[in-house]
Each structure stands twice: as structure tokens, then as C-alpha cells.
Amino acid sequence: MGVALGALRATHPLPAAAVTALVGLVTAARGADPATLGWVIASAAAGQASVGWSNDYLDREHDAGGGRREKPLVSGEVRPRTVLVLAMVALPLSLALSVPLGLREAGTMFFAVASAWAYNLGLKATALSWLPYAVSFGLAPAYIWLATDGIAPAWLVAGGALLGVAAHLLNVIPDLEWDRAAGVRGLPHRLGLRGSILLACLILAAALVLILGAAGAGAWSVPAAFLAAVLIGAVAWSGLTGRTGMSFRLAIGAAGAIVLVLIASRFGLSG
């Protein structure tokens, strides 16, 4: 049981569950049939797990050097080899689970997961650290629309990419100083704490304005947009007052509220 729990924690369960839930929510709102919805959620969950496991495996020595005892591989809850095997199984599984939806869908899933793996394999330490997040998050609506017999509009792909970049900037913040000391020079490390927080909030706000403006107003769009704006403000407040762990959780809430703006719109889910 301890190994299983450690393996689960190595998936980065909070962001993995949040991304999978939001993908499932939008797919359901698109009117997907139960089978399509099931394949979308299962493939997204497998892809998220593979990314989380590969991240913890590749960062195990870095995390150990930083005394990250909350990490399952550092605390010894689960062996590195176990996590590597799980990652290598989940990677092709995410593709296999998307094949019933179609070859285009499987190809989109491949590029989304491959982009995230590219981040883990080295791009995270460069000035292009934001790019895999932009690609993977931007491909999420493309995947959902293809699975539900549509083509995602360009503004929606752009909105997903913006949410991805903001997530990257805020996700890295708690480890910023240790990463810097270890020679990691991703975009957040170059911007610093304050710069990363402010840029992330500006990007979240831009995503909100883009989706609210392009999707069209609906009965619940304005309340959802107000909630998103409040959460974006809370992200800035928590990050700038030293509550960096809270800022990432609030950012997940803000992203969820922005997705609710899309769902509540009159036109955002059509096409």
C-alpha cells in the first residue's frame, strides 16, 4: 500500500487531476457520448501520469540534493526503477487509449505528451522552458474538439497555450532558489520571483479576456469571469507575500474559472 501511495504521489496528483478534470469537463460540455468521454479522460490521465512519473524520476538526484523529503523517490516510498517503469508504460498507454477516438486524436495526444517529456528531458533548464507548456496546453482543446468532431478555433488554442505558460511560471516558484543554485536557468529563474508572478497574472488575465471576448457572453459568463479575476488577484497577493505554494493552487482555481467562462458562453463550445 505504501509503494502504491508513493507511486500515486509521484504523478504530481494535484495538477494532474486538475488538468484531467478540466479536459473531461470541457469534453462533456461539448456533448460527447459516454464512450468518447471515457477515452478522453483515460488517455489524458495516462498522459499526465507519464509526465509526472518521468519528471520525478529525472529530477530524483536534484530533489535529493535539495532535501525534498516530500518527494516519494527522495523519502524512499517508491524505488526509482518502479517509477521509471510506470512512466514508460503510461506513455504508450496514453496513445493507445486515444486510438479509439481516431488517428488524428492519437497524433495530437502524442505531440502533447512528447512536448511535456521534452520539458522534463532538458528544456526546463533553458530560456525556452515555457514552450512545452504552451504546446501541451494549447493542444488540449485541439484534442477535445477533434474527439468531438470539430476543429478548435485558433483563439481557443491560444487561450490554452496562455494558461500553460502561466502554470509553468507559478509551478516553478517554490523551487526557484534551489533550482538557480543547481544551475537551472529556465524562464522563471531568469525573471525572478516578482517578475514570474506578475507575468503569470498578466498572462492569466490575457487568457480570461481572450476567452471571454471570443466565446461570447452567456448567462453565467460574467459571474465566472468575476470569480476568475478575483482568483487572479489572489494569485498575485499570495505570491508576492511569500505564500508561493498557495499561489499555484489558486492559479489552478483561476484556470478552472476561466474554463467555466468558456462553458458558460453561448458560442464557445460550438463548432
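## Close-up views of a helical model

**View 1. Gly65 sits in helix H4.** With 52% relative accessibility, Gly65 counts as exposed (that label means over 50% relative accessible area, buried means under 20%, and partly exposed is what lies in between, using a 1.4 Å probe and protein chains only). H4 covers residues 60-65 (a helix here is a DSSP run of H or I with at least four residues, numbered from the N terminus). Now look for Ala182: its C-alpha is 9.1 Å from the C-alpha of Gly65, although 117 residues separate the two in sequence. This is a predicted model, in which local features need pLDDT of at least 70 and side-chain atom pairs count only at pLDDT 80 or more, while totals for chains, interfaces and linings use all residues. Residues are numbered from 1 along each chain as its sequence is written, and side-chain values use heavy atoms, leaving out hydrogens and water.

**View 2. Helices H3 and H6 pack against each other.** H3 spans residues 34-58 and H6 spans residues 80-98; their axes lie 8 Å apart, at an angle of about 150° (axes are lines fitted to C-alpha atoms over the stretch in contact, and angles run from 0 to 180 degrees between N-to-C directions). That angle makes H3 roughly antiparallel to H6 (the label for angles over 145 degrees; under 35 is roughly parallel, 65 to 115 roughly perpendicular, and the rest oblique). On the H3 side, look for Trp39, Ala42, Gly47, Trp53 and Tyr57, among others; H6 meets them with residues including Pro80, Val83, Leu84, Ala87 and Leu97 (contact means heavy atoms within 4.5 Å). Sort the residues of this contact by class and you get 14 nonpolar, 6 polar and no charged (Ala, Val, Leu, Ile, Met, Phe, Trp, Tyr, Cys and Pro are nonpolar, Asp, Glu, Lys and Arg charged, and the others, Gly among them, polar).

**View 3. Asn55 is tucked into helix H3.** Is Asn55 buried or exposed? Asn55 is buried, since its relative accessible area is just 10%. Leaving aside residues up to four places away in sequence, Asn55 touches His12, Tyr119, Asn120 and Lys124.

**View 4. His12 and Asp149 both have a positive phi.** His12 isn't a glycine, yet its phi is about 60°. You'll find His12 in the loop between H1 (2-9) and H2 (13-29), and it is partly exposed, with a relative accessible area of 24%. Asp149, another non-glycine, has a positive phi near 60°. Its place is the loop between H8 (130-147) and H9 (154-172), where Asp149 is exposed, at 74% relative accessible area.

**View 5. Helices H7 and H8 run side by side.** H7 takes in residues 103-120, and its axis lies 9 Å from that of H8, at an angle of about 165°. H7 and H8 are therefore roughly antiparallel. From H7, the contact draws on Arg104, Glu105, Met109, Phe111 and Tyr119, among others, and from H8 on residues including Leu131, Tyr133, Leu139, Tyr143 and Leu146. The tally by class is 14 nonpolar, 3 polar and 2 charged residues.

**View 6. Helices H11 and H12 form another packed pair.** H11 (residues 187-215) and H12 (residues 221-240) have axes 9 Å apart and an angle of about 175° between them. The two are therefore roughly antiparallel. Leu193, Arg194, Cys201, Leu204 and Leu208 are among the H11 residues in the contact, and their H12 partners include Ser221, Ala225, Ile232, Val235 and Leu240. Here the classes come out as 15 nonpolar, 2 polar and 1 charged.

**View 7. The largest nonpolar core has 61 residues.** Which members touch the most others? They are Trp53, Trp145, Leu170, Leu204, Leu208 and Ile258 (a nonpolar core is a set of buried Ala, Val, Leu, Ile, Met, Phe, Trp, Tyr and Cys residues joined through side-chain atoms within 4.5 Å). Leu170, for one, touches Ile197, Ala200, Leu204, Val235, Ser247, Phe248 and Ala251, again not counting residues up to four places away in sequence. Apart from the largest core there's another one of 5 residues, including Tyr119, Tyr133, Ala167 and Val172.

**View 8. Ala264 belongs to helix H13.** H13 covers residues 244-264. Ala264 touches Gly218, Ala219, Trp220 and Ser221, with residues up to four places away in sequence left out. From Phe111, 153 residues away along the chain, Ala264 is separated by 29 Å, C-alpha to C-alpha.
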